[in-house]
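This report describes where the ligand sits in the protein and what surrounds it. It then turns to the open and closed spaces in the fold.

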Amino acid sequence: MGQWNRFLAPYKQAVDELKVKFKGMRSQFENGNTNSPIEFVTGRVKPLASIYDKTLEKGIPFEPSEQLAHQLQDIAGIRMMCQFVGDIETVVSLLRQRKDLRIVEEKDYISNEKQSGYRSYHVIVEYPVQTIDGEQLILAEIQIRTLAMNFWASIEHSLNYKYKGVFPEEIKNRLQRAAEAAFQLDEEMSQIRDEIQEAQAYFTEFKESPGTH
Ligand code: 0O2
């Protein structure tokens, strides 16, 4: 166990640091009185049980090793949730400009939706963590998605856990319909985006100085 803790420690550090940095991006938009393309940020280190499942799937040994660090790109995982589909590209552009990480791969499951109905934009980055033993490059997966995509993925993930990937036909159909509904919701919200953002800007301003309206 000690070995795993030592192996996972820099991943935890990467997740903690990236969360602070990305939450900081949101605050910067807010401080500049601009609508933030980032609604909220979460992060996690992949639980050992999920690492174990992935090693079985990929046919690699379940041990803390270079091979594992190289083959599992999402031991450190960050999620950035957006209100609108258009915000996702803005967030990806912001990531491309950063000097504190290097993008190694982008996976667009929005234009190329997965068979399951899963939609999200994944960016795999290499992030340098400073430790007492020097710098360590950590791979992290950043999933960028709308609130609707996140809702669908969370529900599907729980069901997937229950049914171990083999869904009864009815559930499978309903999930596909739900994915379509989430897509439609994103479309509708994008159509009235300006209206929504104007209202949100007004609301924020009102909260700050209620007496002036
Ligand atoms: P968890 O529990 O979230 O950690 P590859 O090696 O590139 O062939 P890999 O590594 O599976 O494939 O990468 P992929 O498909 O780009 O994305 C991996 C992660 O994306 C998953 O991690 C999920 O978080 C999410 N994801 C991908 N497909 C689906 C899907 O159909 N439904 C849901 N709900 N999430 C999905 P894990 O390790 O599977 O899960």
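Helix H5 gives the most to the shell around the ligand, with three residues. The model is a predicted one. H5 spans residues 147-163, and two further elements, helix H2 (48-58) and strand E5 (134-146), likewise supply at least two shell residues each.

**The ligand and its shell**

In total, 17 residues surround the ligand, and the closest are Lys46, Lys58, Lys114, Ser116 and Glu156. Sorted by class, the shell holds ten charged, four polar and three nonpolar residues.

Several side chains place a polar atom at a short listed distance from a ligand oxygen, as tabulated here.

| Residue | Atoms paired | Distance |
|---|---|---|
| Lys46 | side-chain N or O atom and ligand oxygen | 2.5 Å |
| Gln143 | polar side-chain atom and ligand oxygen | 3.1 Å |
| Asp74 | side-chain N or O atom and ligand oxygen | 3.5 Å |

On its own, the ligand has 750 Å² of accessible area, and the protein covers 73% of this.

**The largest pocket**

Which space does the ligand take? The space it takes is the largest pocket. This pocket contains about 1,700 Å³ of space. Its lining is made up of 40 residues, and those closest to the pocket centre are Lys46, Lys54, Asp74, His157 and Asn160. Lys46 is thus listed both among the residues closest to the ligand and among those closest to the pocket centre. Asp74, which is also listed by the pocket centre, has a side-chain N or O atom 3.5 Å from a ligand oxygen.

The elements that each supply at least two residues of the pocket lining are strand E1 (40-45), H2, strand E2 (76-82), E5, H5 and helix H6 (169-191). Of these, H2, E5 and H5 also each supply at least two residues of the ligand shell. By class, the pocket lining has 15 charged, 15 polar and ten nonpolar residues.

**The cavity**

How many cavities of 30 Å³ or more does a search of the whole structure find? The search finds one. The volume of the largest cavity is about 40 Å³. Gly117, Tyr118, Arg119, Met149, Trp152, Ala179 and Ala182 line this cavity. By class, its lining consists of five nonpolar residues, one polar residue and one charged residue. H5 and H6 each supply at least two of the lining residues. Both helices also each supply at least two residues to the lining of the largest pocket.

**The chain as a whole**

The protein chain has seven helices and five strands. Read from the N terminus, the order of these elements is α-β-α-α-β-α-β-β-β-α-α-α. Along the principal axes, the C-alpha atoms fill a box of roughly 60 × 50 × 25 Å.

Conventions
Residues numbered from 1 in each chain as written. Predicted model: local features only at pLDDT ≥ 70, side-chain atom pairs only at ≥ 80, totals over all residues. Heavy atoms only, no water. Near = heavy atom within 4 Å. Polar contact = N/O pair within 3.5 Å; in protein donor to acceptor, adjacent residues only side chain to side chain. Areas by Shrake-Rupley, 256 points an atom, 1.4 Å probe, with all protein chains shown as cover. 1 Å grid on protein atoms, 1.4 Å probe; cavity = no way out; pocket = protein on both sides within 12 Å on 5 of 7 lines; lining within 4 Å. Sits in = over half its atoms within 2 Å of the grid points. Helix = DSSP H or I, 4+ residues; strand = E, 2+ residues; numbered from the N terminus. Nonpolar A, V, L, I, M, F, W, Y, C, P; charged D, E, K, R; others polar. Points joined across faces, edges and corners; volume = space filled by probe spheres on them.
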